[in-house]
Amino acid sequence: MKTCLLRKYQVLIILCTLLASCTASNKSENINIADGWRSLFNGEDMNNWRIKIAKHELDENYANTFRVEDGLLKVRYDGYEDFDRQYGHIFYDESFSYYLYRVQYRFVGEQAPGGEGWAWRNSGVMLHGQNPETMTRDQDFPISIEGQLLGGDGEKPRTTSNLCTPGTNVVMDGELFTPHCVSSNSKTYHGDQWVTADFLVLGDSIIHHIIEGDTVLTYLQPQMGGGNVSNHNPDVKKDGQLISTGYVSLQSESHPIDFKSVEIFDLSPYKDDTEKLKEVLNLLKNQK
C-alpha cells in the first residue's frame with residue numbers, strides 16, 4: 001500500500017509540473033475548457049458565502065467586516081474599536097476536492113487598531129477547510145491549509161503565497177512538515193497593486209501555490225495534525241487523517257484587503273483519468 005501511494009504521488013507530481021514547464025499537446029486541443037471556470041463571487045453580493053468570525057456566531061457579519069462595494073469583495077475594520085483577535089473567514093458554501101482556485105487581491109489602507117504586528121498586510125486563502133458549521137463560537141481559524149498572502153513594505157523582500165497550517169501538517173521533501181509556516185520563493189509585491197494567486201489542489205495528494213503564473217511552493221499529503229488552532233472541537237480534528245476535500249474561504253486578519261475575482265476550475269471529472277488530467281492542465285497552463 002505504501003509503495004502504491006508513493007507511485008500515485010510521483011505521477012501527480014509529474015503531471016502538476018506541466019503548469020510550470022510544458023506546452024499544450026495536439027491531443028489537448030480537442031478538449032474545450034472555455035466554460036470550465038466558475039466564478040464564486042458575482043461582484044454584486046455575498047450570496048452562497050457564509051461568515052464565521054471568532055467570538056461571534058456563524059453568519060454574523062460583525063461590524064460589516066465583509067462587504068461588497070464597487071464590484072469588489074472587501075474586508076474592512078472601520079467598525080472595530082479594537083481588533084481583539086477576532087479573526088474571520090468567509091466560506092463558499094460548497095466543498096471541493098480537485099480544483100484550480102484563483103483569486104485577484106490587493107492590500108489597501110491601514111491595519112485595524114489592536115491588530116498583531118505580524119498581521120500587517122497579511123491575509124490568506126484557506127484550502128481544504130473544515131465545514132464552518134463545525135467551528136465553535138470562539139475558534140480562531142478553521143482547520144485548513146492556508147495560502148498566506150503578504151504585501152511588501154516598499155523596501156524589504158517579503159514573499160507571498162506562503163504556507164501556514166492551522167491544525168494541519170503536510171509532507172515536504174519526503175518528510176512530515178510540522179512548523180506552522182514556510183515561505184514560498186515568490187517575488188515581493190509592494191503597494192496596492194493587484195496580484196493573481198492560483199492554488200492547484202488535487203485531493204489529498206499534492207498542492208501547488210502559483211503567483212502570476214509562477215509555481216512558488218509545492219507540498220504533498222495535506223492532513224490534520226499539529227497546533228496553531230484554538231478553541232476548536234477536538235472531535236473534529238483527527239490528527240493524521242489525510243484531507244481530500246474541504247471548503248475554501250478568504251480571511252480577515254486585521255489588514256484591509258480587496259478581492260476583485262474569486263474563481264474555481266473543477267478538476268474532479270478528470271481525477272481518475274491521468275491522461276485527461278494531463279491534457280486539461282496543459283490547456284490551463286497555456287490559457288490566456
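This briefing covers the fold, the cores, selected residues and the salt bridges of one protein chain. The model is predicted. Its mean pLDDT is 91, and 89% of the residues reach 70 or more. The chain has 288 residues, of which 52% count as buried. It holds three helices and 17 strands.

**Overall picture**

- Long-range contacts are well represented: among contacts between residues at least 6 apart in sequence, 73% join residues at least 24 apart.
- The accessible surface comes to about 12800 Å². Carbon and sulfur atoms account for 45% of that surface.

**Confidence**

- Residues 1-7 have pLDDT below 50. Beyond near neighbours in sequence, this stretch makes zero contacts in the model.
- Residues 21-29 also stay under 50 in pLDDT. For this stretch the model has 15 contacts beyond four places in sequence.
- Where pLDDT is low, the predicted coordinates should not be read in detail.

**Strand 7 and its partners**

- Strand 7 spans residues 122-129. It is mostly covered, with eight of its eight residues buried.
- Strand 7 pairs with strand 8 in the antiparallel sense, over six bridges. Within this pairing, Ser-123 stands opposite Leu-149 of strand 8.
- Strand 7 also pairs with strand 16, residues 246-252. This pairing is antiparallel too and runs over three bridges. Gly-129 has Tyr-247 of strand 16 as its bridge partner.

**Gln-148**

- Gln-148 sits in strand 8, which covers residues 145-150.
- Its relative accessibility is 11%, so Gln-148 counts as buried. The cut-off for buried is under 20%.
- Leaving out residues up to four places away in sequence, Gln-148 touches Asn-122, Ser-123 and Gly-124. The same list holds Thr-160, Ser-161, Asn-162 and Cys-164.

**Tyr-87**

- Tyr-87 lies in the loop between strand 4 (72-75) and strand 5 (88-96).
- Tyr-87 is buried because its relative accessible area is 1%, and the cut-off is under 20%.
- Beyond four places in sequence, Tyr-87 contacts nine listed residues, among them Lys-52, Ile-53, Ala-54, Glu-116 and Trp-118. Asp-140, Phe-141, Ser-252 and Glu-253 are also in contact with Tyr-87.
- Tyr-87 and Ser-252 are 165 residues apart in sequence. In space, their C-alpha atoms are 5.9 Å apart.

**Nonpolar cores**

- In soluble globular proteins, nonpolar side chains tend to be buried together.
- The largest nonpolar core has 46 residues. Tyr-101, Leu-127, Leu-250 and Phe-259 touch the most other members.
- Strand 6 (residues 98-107) gives this core its largest share, five residues.
- A second, separate core has 18 residues. Leu-202, Ile-210, Leu-277 and Leu-284 are included in it.
- Which residues does Phe-259 touch, not counting those up to four places away in sequence? They are Phe-41, Leu-72, Leu-73, Val-75, Val-103, Gln-104, Tyr-105, Leu-149, Trp-194 and Leu-250.

**Salt bridges**

- The structure holds 16 salt bridges.
- Arg-38 and Glu-94 meet through their side chains in one of them, at 2.7 Å from N to O. Arg-38 is in strand 1 (residues 37-39) and Glu-94 is in strand 5, so the pair ties together parts 56 residues apart in sequence.
- Arg-38 is partly exposed, with a relative accessible area of 32%. Glu-94 is partly exposed as well, at 30% relative accessibility.
- Arg-50 forms a salt bridge with Glu-133, and their closest N and O atoms are 2.6 Å apart. This pair links distant parts of the chain, 83 residues apart. Arg-50 is in strand 2 (residues 49-53), while Glu-133 is in the loop between strand 7 and strand 8.
- Arg-50 is partly exposed at 22% relative accessible area. Glu-133 is exposed at 53%.
- Asp-138 forms a salt bridge with Arg-137, with 3.0 Å between the closest N and O atoms. Asp-138 is partly exposed, at 37% relative accessible area. Arg-137 counts as partly exposed at 41%.
- Salt bridges that share partners join Arg-50, Asp-59 and Glu-133 into one network.

Notes
Residues are numbered from 1 along each chain as its sequence is written. This is a predicted model: local features need pLDDT of at least 70, side-chain atom pairs count only at pLDDT 80 or more; totals for chains, interfaces and linings use all residues. Side-chain values use heavy atoms; hydrogens and water are left out. Helices (H or I, at least four residues) and strands (E, at least two) are DSSP runs, numbered from the N terminus. Buried means under 20% relative accessible area, exposed over 50%, partly exposed in between (1.4 Å probe, protein chains only). Contact means heavy atoms within 4.5 Å. Two strands pair if DSSP finds at least two bridges between them. A nonpolar core is a set of buried Ala, Val, Leu, Ile, Met, Phe, Trp, Tyr and Cys residues joined through side-chain atoms within 4.5 Å. Accessible areas come from the Shrake-Rupley method with a 1.4 Å probe; for residues, only the protein chains shown count as cover. pLDDT is the predictor's confidence in each residue, from 0 to 100. A salt bridge is a side-chain nitrogen of Lys or Arg within 4 Å of a carboxyl oxygen of Asp or Glu.
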